[in-house]
Structure formats: C-alpha cells, structure tokens
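Me: Please take one part of this structure and describe it closely, as a single connected account. I would like each technical term to be given with its cut-offs where it is used.

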Amino acid sequence: MLMGSLFWRFVSGDWQGLPQGRIANCLLGVCYRVSVSQQDIDVAHMRAALREASKAVGLTSPNPPVGCVIAKGRKILAKGHHRYAGGPHAEIEAIQCLTAKALKGSTAYVTLEPCSSKGKTPPCVNAIREAGIGRVVYGSEDPNPKNKGKAARILRRHGILSQGGVLLRPCDEIIRPWRKFITTGMPWVIAKAAMSLDGRLTRPGNEGQWLSSTASRKDAGKLRGEVDAILIGANTLRDDNPALTLRDPAALRRGKQQPLRVVLTRKGRLPKRAQVFTDSHCDRTLVYKAKSLRVVLKDLAAKHGCASVMIEGGGKLLGDAFSRGLVDEACLYIAPIFCGLAGVPLVGTSLSSSKGLLDVSVKRIGQDLRIRGLVDQAKVGDAS
Ligand SMILES: NC(=O)c1ccc[n+]([C@@H]2O[C@H](COP(=O)([O-])OP(=O)(O)OC[C@H]3O[C@@H](n4cnc5c(N)ncnc54)[C@H](OP(=O)(O)O)[C@@H]3O)[C@@H](O)[C@H]2O)c1
C-alpha cells in the first residue's frame, strides 16, 4: 500500500516530501521489479533468442536456425546462434561465453527444444546439465523424431526445470522450412517472380529483361540469402543468361555461402558459355536432365542437404511446380505495367483448381507491390 502510494506520487510527478535522486531511482526500480512477472521476463528473453535465431536463417542447412540466450533474472549474460552445420549449436555458443560461476543456476532460453541425440556434435542436454544451468525455457518442440519431446524428460531426471511453448508461433515460423525438410524429406519451396499487372513474366518484343524496379530486385536478392538452392527452367538460362548469385552484403557478411544454382532441362541443349557454367561459382551449378521436379527436389534435400529452395522461373517451371502442388510459399513483385498476350505467363500451365495464399503480406516497394504468402494446400483460392 505504502509502496504503491509512493510509486504513484513518484511517477505522477508529486515530488513534494519525496526523497529525490538516487533514492527515488531505487524506489522506481523496486516497483518495476515487483510489477514484472517471471512470464514477462521469459517472453522478453525468448524474443532476444529469436533475434539470435534470425541471424542463423539460411546458414545452417541441413540443421535448423536456432538462437539461445542465457540469463539470470532480467540480465542476459550470453547469446549464441547456430552458425553452420557441424558447428556448435546455439546453446553451446552461449555456454562457451560464460564461466562456471556465471552459468550456475542460470536459465537458458532456446528457440528450439535442445537436442538430446548425438549428431555431428554431442547432445545439448548433456552440455546444459554439465554447465549447471538450473532452468531451460524453449519455444518449439523439436519435430525431428530423434529428439522430439525428449529434452524435458532428460532434464527433469537431472533436476533441471524446463518449460516449452514460449513464443511458440514465431519460434515455429523460423523453423518452418526445416520442419518440412526433416518430416517429409522435401525442401520448402518458394516461388519468386516479377510480373506485370496482367500476370506476365516478360515484356513484349525486345524491350529488355527487367519488369520490376531496382529496389524490388534488391529486395528479391535478399531472399536468396534465406535459401539453399535457386531453380530455373532451361529457357530462362537460354534467354536471360542469369548469374543467380547471392550479392546481398549482409548475407555474405553472415557467412552465407552461394546457393546452389539448379537448371532443369528435358532436351539438354544448354549454352556452354552461360555464366552459371563459367563464372567463379561454377562448382555450385547443377543440371538435372529429364527428371521430374519432385525427383529433383527430393534429390536436392537428400544429397545436398537443401532444406529450402527458390524457383526463379520461368513460367513453364513455375506452372509445373504450382500444378503439382509443390510450392509452399510465393513471393511476387508486381510492376505497374501491362505486357499483353505475347508475354510468358507466370503459371504457364492449366490448373485443376485455383490456388490461394494464406498469411499474406503486402509491401509497397517504390511503384511495385510485393505480395508474399503461404500457398494454401488445403483449399482453392477464395476471391472474396
Ligand atoms: N519476370 C521474372 O521474374 C522471370 C523470371 C524467370 C524467367 N523469366 C522469363 O521467363 C522466360 C522463360 O520462361 P518459359 O516459361 O519459356 O521457360 P522456363 O520455365 O524458364 O523453362 C522451360 C524449360 O525448362 C525445362 N523444364 C521446365 N520444367 C521442367 C521439368 N519439370 N523437368 C525438366 N525440365 C523442365 C524444359 O527445358 P528444355 O527446353 O531443355 O526441354 C522447358 O522447356 C524467359 O524469357 C525469362 O526472361 C522471367
């Protein structure tokens, strides 16, 4: 009661008769501490762990992007994220920053349930136990059957408290591509294209290659930093001779390696002098001849560890992907231009039913619009 009234006088500016300066600050601190619950603290630290995880997106396949912070009370002591497959997991990165004294009785916040099986590195639950961490808070349950739901049991056996499901939705979203990869053996597929208002991928005649603005192309370039491979159809290679390289400085600084460049062909007559066969990343180019898209995707996942791929056209390949239900997400840049019937259509085939998008985000980039959303696999598109 007394504390409440003092606090109220303090925050409402009624200083008369109240101690000022350091004592007043102290009072504010006490009141703040009383009002912040453990749940608020957990959520705030999980947000910090998510920020760490976002640094790992695109770097870790065939492993998931994971972030971790270690804290005591409201104070974050260390942060970590998984940087590359085979490297230390996020928990280990954070643990390695701290002394035994600092770790004792601390809480680890991890975006994904800590692993309990040995992969390229030992199980993280062992490291947590050995470090003397007293409590573990995680977001998503690990969908990998080797680990799924096991961490809590193991930790409990060693007297370590654990709690899952904190900020579940964003934690699930960040591992969405990897969840598909680990549970189905297929990569997450993003269809990306720049298109005209009338749904065309190309301009009439010899007007040139680009439909969207430089700013849209820069934005699209960042997407390459999230994926493990970029797929194109043979005509796109023949017509555009694209480089398909990652040029986004932020992604390159994070250590992202060049995505694989994958060309699909049936006939096989490909230009030998094309950039993808002759530039300094030519060892990152794969050609699949007369293989179905499904087989190509499966092979990229199984043999090359690709958890996410992006199809960058053209219309025949995108049409094939949409008609076979192989697209998970679409990212389309719509330019304010009409190109007419002679242009290549975005979906270059008939569909047995329309496809709708879920969780749609619309962003204006200069004069262009970017529409990004998840393909609704269950329902046909709803025009309402
Ligand atoms: N606006 C944009 O964002 C954008 C992006 C990319 C491309 N484009 C434009 O799109 C045009 C090309 O589009 P397009 O529809 O003509 O062709 P495309 O989809 O680029 O290529 C079609 C060719 O790819 C091969 N192919 C496609 N699906 C295959 C599959 N499932 N399995 C095996 N091979 C497969 C076949 O190669 P073979 O012929 O060797 O049998 C097929 O003829 C280009 O002019 C380019 O400028 C625009």
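**The sheet around β10**

Reply: Strands β7 and β10 pair in the parallel sense over three bridges; two strands count as paired if DSSP finds at least two bridges between them. Helices and strands are DSSP runs numbered from the N terminus, a helix being H or I over at least four residues and a strand being E over at least two. The model is a predicted one, in which local features need pLDDT of at least 70 and side-chain atom pairs count only at pLDDT 80 or more, whereas totals for chains, interfaces and linings use all residues. Residue numbers start from 1 along each chain as its sequence is written.

Within the pairing of β7 and β10, A229 stands opposite V309. Strand β10 is also paired with β6, again in the parallel sense, this time over four bridges, and there W188 stands opposite S308. Strands of a sheet pair through backbone hydrogen bonds, in either the parallel or the antiparallel sense.

These strands belong to an open sheet of eight, ordered β9-β8-β7-β10-β6-β11-β13-β12, with mixed pairing. At its edges stand β9 (285-289) and β12 (357-365); each has a single partner strand, so one side of each is left without a neighbour in the sheet. Neighbouring strands are turned by 20° against each other on average, with direction ignored; axes are lines fitted to C-alpha atoms, for helices over the stretch in contact, and angles run from 0 to 180 degrees between N-to-C directions. On the other side of β7 in the strand order, five bridges join β7 to β8, and the two run parallel. In that pairing L231 stands opposite V262 of β8.

Helix α14 (residues 293-304) packs on this sheet and touches β6, β7, β8, β9 and β10. Its direction makes about 155° with that of β8. Contact here means that the C-beta atoms of two residues, placed from the backbone, lie within 7 Å.

The side chains of a regular strand alternate between the two faces of the sheet. For β10 (residues 308-311), both faces are covered: S308 and M310 on one side are buried, as are V309 and I311 on the other. A residue is called buried if 20 or more other C-beta atoms, placed from the backbone, lie within 10 Å of its own, exposed if there are 12 or fewer, and partly exposed in between. Over the chain, buried residues make up 37% of the 384 residues.

V309 is also among the residues with the most contacts inside the largest nonpolar core, together with C68, V110 and V189. Such a core is a set of buried Ala, Val, Leu, Ile, Met, Phe, Trp, Tyr and Cys residues joined through C-beta atoms within 7 Å, and this one has 86 residues. Strand β6 gives the most to it, with seven residues. Setting aside residues up to four places away in sequence, V189 touches V309 and I311 as well as L297, A321, L326, V327 and D328.

Strand β11 (residues 329-334) follows β6 in the order of the sheet and contains A330. A330 is buried, because 22 other C-beta atoms lie within 10 Å. Apart from neighbours within four places in sequence, its contacts are A191, L357, G373 and V375. The C-alpha atoms of A330 and I371 are separated by 7.7 Å, although the two residues are 41 apart along the chain. Of the contacts in the chain between residues at least 6 apart in sequence, 74% join residues at least 24 apart.

The sheet also takes part in the surroundings of the ligand. The shell has 28 residues, the closest being G233, N235, R266, G313 and G314; a residue is near the ligand if its C-beta atom, placed from the backbone, lies within 6 Å of it. Strands β6 (188-195), β7 (229-233) and β8 (260-265) are among the elements that each supply at least two residues of the shell, as do helices α11 (234-240) and α15 (315-323). Of these, α11 gives the most, with five residues. The shell divides into 10 nonpolar, 11 polar and seven charged residues, where Ala, Val, Leu, Ile, Met, Phe, Trp, Tyr, Cys and Pro count as nonpolar, Asp, Glu, Lys and Arg as charged, and the others, including Gly, as polar.
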